[in-house]
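Let's take a friendly walk through this fold, looking at strand pairing and then at the nonpolar interior. Please have the sequence and the 3D view at hand.

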Amino acid sequence: MPSARHRSAVASPANTSAAPSGADLLDFARSTAADVALVASLPLDPEGRTWMRLQGPGGSEAWLIGWPPGSGTGWHDHGGSHGAFATAAGLLTEQSLAAQLPTEGWKVLELADGIDRERQLSEGQGRAFGPHHVHQVFNASRTGHAVSVHAYHPPLPMMRRYSRTGQVLRLEQVEWPQEWA
């Protein structure tokens, strides 16, 4: 998340008794996305994504993210963490791969036909995903910001960034948590 313009910490109660499931993370993302005051407190920048780090349930990490028109993540994974996200405002598009990719030992993969998926998530909608999920998320609007809540467990150990040309996915970069502090 190094392209963000603002960084803040916001604490919320966390249940540390058990690791949260994907459903728990999605419930958290949806309920947090419905917190009008929290969503309104996120500074929005017309040129870059903004974020606030949140404390998620059961020791998970979470983020409130602002997306200016035309912004996106590019292809990435979550370093083996499972997660969920929900749209708080606007409309986000997620493109994902319906295939379990190996997490180690490769730099270039040729993707099979028919594994591409796309969904649009409007305000209040979200989705959970497993530890091998590769996707990109973007705000396709030309005029309006979008805001979303994301939660991951275990907290992100890293993120791998990919480039894609046709059916070829190439590992480009590995990002570490200290880069998002």
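Which residue in β12 does H76 stand opposite? The residue facing H76 is R161. Do keep in mind as you read on that this is a predicted model.

## Strands around β12

H76 and R161 belong to a wider pairing: strand β4, residues 75-76, runs antiparallel to strand β12, residues 159-165, and two bridges link them. R161 also has a partner in β13, where its bridge leads to Q173.

The pairing of β12 with strand β13, residues 168-175, is likewise antiparallel, and it extends over seven bridges. Together β12 and β13 make a hairpin, with two residues between the strands. Have a look at G166 in that turn: its phi is positive, about 60 degrees.

## The largest nonpolar core

Now for the interior. The largest nonpolar core holds 18 residues, and those touching the most other members are L54, L64, V147 and V149. At least two core residues come from each of α1 (22-33), α2 (36-41), β2 (50-55), β3 (61-67), β5 (82-89) and β11 (146-153). Helix α1 gives the largest share, with five residues.

V149 is a good place to centre your view. Leaving aside residues up to four places away in sequence, V149 touches F28, A29, T32, A33, L54, W63, L64, A84, F85 and A86.

## A second core

Apart from the largest core lies another one, made of 14 residues. Its members include W63, F129, V137 and L156. W63 is thus a residue to find in both views: it belongs to this other core, and it is also among the residues that V149 touches.

Conventions:
Residues are numbered from 1 along each chain as its sequence is written. This is a predicted model: local features need pLDDT of at least 70, side-chain atom pairs count only at pLDDT 80 or more; totals for chains, interfaces and linings use all residues. Side-chain values use heavy atoms; hydrogens and water are left out. Two strands pair if DSSP finds at least two bridges between them. Helices (H or I, at least four residues) and strands (E, at least two) are DSSP runs, numbered from the N terminus. A nonpolar core is a set of buried Ala, Val, Leu, Ile, Met, Phe, Trp, Tyr and Cys residues joined through side-chain atoms within 4.5 Å. Buried means under 20% relative accessible area, exposed over 50%, partly exposed in between (1.4 Å probe, protein chains only). Contact means heavy atoms within 4.5 Å.
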